[in-house]
Amino acid sequence: MKPHATTVQLFKHFLNLFSLFAFFLSLLALLHFSYRHLPFQFNFYSSSLSPSPSSFVLPQSLSPFPSPSSVLTSSNMSSPSSAVSVGSSIGANYRAEEDCDISKGEWVRESATEDYYYNNTSCRMIQDHQNCMKYGRPDVDFLRWRWRPDDCELPRFDPRWFLELVRGTSVAFVGDSLARNQMQSLLCLLSTVAHPEDISSSKDTQDRRLFYGDYNFTVAILWSPFLVKSYDSGGEYTHIFLDEVDEWAGGHLVAFDYLILSSGTWWTRPCIYFKNRSPFACNYCGSPAAANLTHLGLYEANGAAFRAALDALQWYQGAVFLRTFSPSHFEGGPWNAGARCDRRQPEAGWRLQGMELELYRTQVEEFRKAKREMWVLDVTSAMVMRPDGHPDVYGHPPEKRVEMKHDCVHWCLPGPVDVWNELWLYMLSQRQSQLAKTVGG
C-alpha cells in the first residue's frame, strides 16, 4: 500500500473515532439535561394520623383555582392602605392590596373555562395517597371553585412571578405530612415552568431538598410533627418534650430565607408530656401508664410547643410564616371506624368547632405574642368549608388494606390545597412591596 493511501486511511479512522466520541458526549449532555429538567417522581411517605393514596386523568380544560392568600401580621407590622402593583415586567399584572384580609371570604363556582394549573399526569410529584384521580375519583367538580375574599380580588398563581420573587433564596416547610402536602402542591404549581433537582444529602424521605438551578431557589421539607422533641415509646403513648425544640431548629436554618411552620393533626394522639425530662401531664389519661399524671388539654400542649419553637427562633433573621390548622372532615363515626368524607362541593355552613377551633385559636395567639415579626398564613377559614377536597377512599387501590380507609385529613392534588400557595404568593408580594417602600422611603 502506498504511503499516501495509508495516511488517508488512518485519517478516516481518526474521523470515525472522533465522530463516535462526539456522539457519546452529546448523549451524556442530553441525559444530564433530562435528569435536571424533565418531570420525575419523588417517593415520599405518608406520615400523618395513619397511612393513607382504573386510573382517571383530570382534563386540562377546567376552571382555574385562583385561591386566596390571607395575611395576619404581628402587631409591629405596618399596613399601608394603598394597593400596589409589584415587581418587574414578569409580575407587572400581579396586584396585592396590603390592607385586605384575604382569610375572610367565600368559595364561588368558577364559570370560566381556563385550564387548571396542572393535572395528575402533567405533575409527576404527587404522592400516591393524594393522587385521587389515579385511584378513580369520579368527579372533577371540586376543582371548579375559587376562593373570593370579601374585600378584594385575587390573581391566579403566577409561577414565573413566584420564582422571580424567591430567586436566590430558600424555603423550608417544617411540620408533618400536611406540610409536605403543601410543598408538593407548590412543586406542581411550578411544574409548568420549571423542574427541580433532588439535592438531598441523605436517603431519609422525611427530609428532602430540591433545587431550581435556573433560579437558585431551594425547597426543603423538615419533618417535625410536634415542632418539639418526641419519640414513640413503643406503647400506647407518644412522649412529647414540651420544652425542647426538635432538631429542625438548629444552626442549619441560617441557610433558609423563609420558614413555614405548621403543626396540629398529630396532637390528637395519646401523649405523655415532659418538662425538664420528667413526665408531668397527659391528654388521654385513662391508662395505668398515665394514672399519676395531670390532664393537659391538646390546645394547651400545642400552645406550649409553639411557644418553645418561636422562642428558639429569636436569633433567626429570615421570615417566619405560620400555616394555621388544617381541618379534617370526618363524618359518620370515628376516623378509624366508618367515618368518611364523600361530599362533592364546598359547604359554606361548615364551621370550625371543639378541639380544632381551640387549636386554631391557640396557634394564632402564640404567634401574636411572639417577640419578632411573623406572618400568619391563615388557611383555616377557607379550608373548613372544603369537606369535598380530601382523598376519602381515593388515596389507595380499592383492594389495599390501610389503617385509615377514608382519608379525611390530607388533600387531593390537584385540589383545594393549592389555595395555600396562592395565599403564600400573595403574602410574599405584599412583603416585597413593603420592603420596596422602606428602601425607597
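Leu227 is buried, with a relative accessible area of 0%. In this predicted model, Leu227 sits in the loop between β9 (217-223) and β10. Its backbone carries a positive phi, near 70 degrees, in a residue other than glycine. Asn276 also has a positive phi without being a glycine, here about 50 degrees. Asn276 belongs to the loop between β13 and β14. Its relative accessibility is 67%, and since the threshold for exposed is over 50%, Asn276 counts as exposed. The two positive-phi residues thus fall into opposite classes of accessibility, with Leu227 buried and Asn276 exposed.

A further backbone feature occurs at Pro414. The peptide bond from Leu413 to Pro414 is cis, with omega near -5 degrees. Pro414 is placed in the loop between α6 (380-383) and α7 (419-440).

Helix α4 covers residues 298-311 and has 14 residues. The distance from its first C-alpha to its last is 20 Å, close to the 20 Å expected at 1.5 Å a residue. Of the 14 residues of α4, 10 are buried, so the helix is largely enclosed by the rest of the structure. The buried set contains five alanines by name: Ala301, Ala304, Ala305, Ala308 and Ala309. Leu298, Asn302, Gly303, Phe306 and Leu310 are buried in α4 as well. These buried residues pack against strands β10 (228-232), β11 (238-245), β12 (258-261), β13 (271-275) and β16 (319-323). They also pack against helix α5 (354-368).

Helix α5 has 15 residues, which should span 21 Å at 1.5 Å a residue. Its end C-alpha atoms are 21 Å apart, in agreement with that value. The buried residues of α5 include the acidic pair Glu356 and Glu366. Leu359, Tyr360, Thr362, Gln363, Val364 and Phe367 are buried in α5 too. The elements that cover the buried residues of α5 include β12, β16 and β17 (375-377). Helices α4 and α6 are also part of that cover. The packing of α4 and α5 is therefore described from both sides, as the buried residues of α4 pack against α5 and α4 is among the elements covering the buried residues of α5, where buried means under 20% relative accessible area.

The loop between β14 (278-282) and β15 (294-295) holds Cys285. Cys285 is partly exposed, with a relative accessible area of 26%. Leaving aside residues up to four places away in sequence, Cys285 touches Tyr237, Ala290, Thr294 and His295. The C-alpha atoms of Cys285 and Leu296 lie 9.2 Å apart in space, at a separation of 11 residues in sequence. Ala289 is found in the loop between β14 and β15 as well. Ala289 is exposed, with a relative accessible area of 56%. Its contacts, not counting residues up to four places away in sequence, are with Tyr237 and Ile272. Tyr237 is 52 residues from Ala289 in sequence, yet their C-alpha atoms are 8.5 Å apart. Tyr237 is thus touched by Cys285 and by Ala289, contact being heavy atoms within 4.5 Å.

Another loop, between β2 (83-85) and β3 (95-97), contains Asn93. Asn93 counts as exposed, at 78% relative accessibility. The C-alpha atoms of Asn93 and Pro155 are separated by 8.6 Å, with the two residues 62 apart along the chain.

The largest cavity has a volume of about 50 Å³. Its lining includes the run Ser262, Ser263, Gly264 and Thr265. Asp176, Leu178, Arg323, Phe325 and Ser326 also line this cavity. By class, the lining residues divide into two nonpolar, five polar and two charged. Arg323 of the lining lies within the span of β16 (319-323), against which the buried residues of α4 pack.

Confidence varies along the model. The protein chain averages a pLDDT of 81, and 77% of the residues score at least 70. Over residues 29-87, however, the pLDDT is below 50. That stretch has 221 contacts in the model beyond near neighbours in sequence.

Definitions and conventions: Residues are numbered from 1 along each chain as its sequence is written. This is a predicted model: local features need pLDDT of at least 70, side-chain atom pairs count only at pLDDT 80 or more; totals for chains, interfaces and linings use all residues. Side-chain values use heavy atoms; hydrogens and water are left out. On a 1 Å grid over the protein atoms alone, a cavity is a set of points where a 1.4 Å probe fits but cannot get out, and a pocket is an open set with protein on both sides within 12 Å along at least five of seven lines; lining residues have an atom within 4 Å of a point. Grid points are joined across faces, edges and corners, and a volume is the space filled by probe spheres set on the points. Ala, Val, Leu, Ile, Met, Phe, Trp, Tyr, Cys and Pro count as nonpolar, Asp, Glu, Lys and Arg as charged, and the others, Gly among them, as polar. pLDDT is the predictor's confidence in each residue, from 0 to 100. Helices (H or I, at least four residues) and strands (E, at least two) are DSSP runs, numbered from the N terminus. The expected span of a helix is 1.5 Å times one less than its number of residues. Buried means under 20% relative accessible area, exposed over 50%, partly exposed in between (1.4 Å probe, protein chains only).
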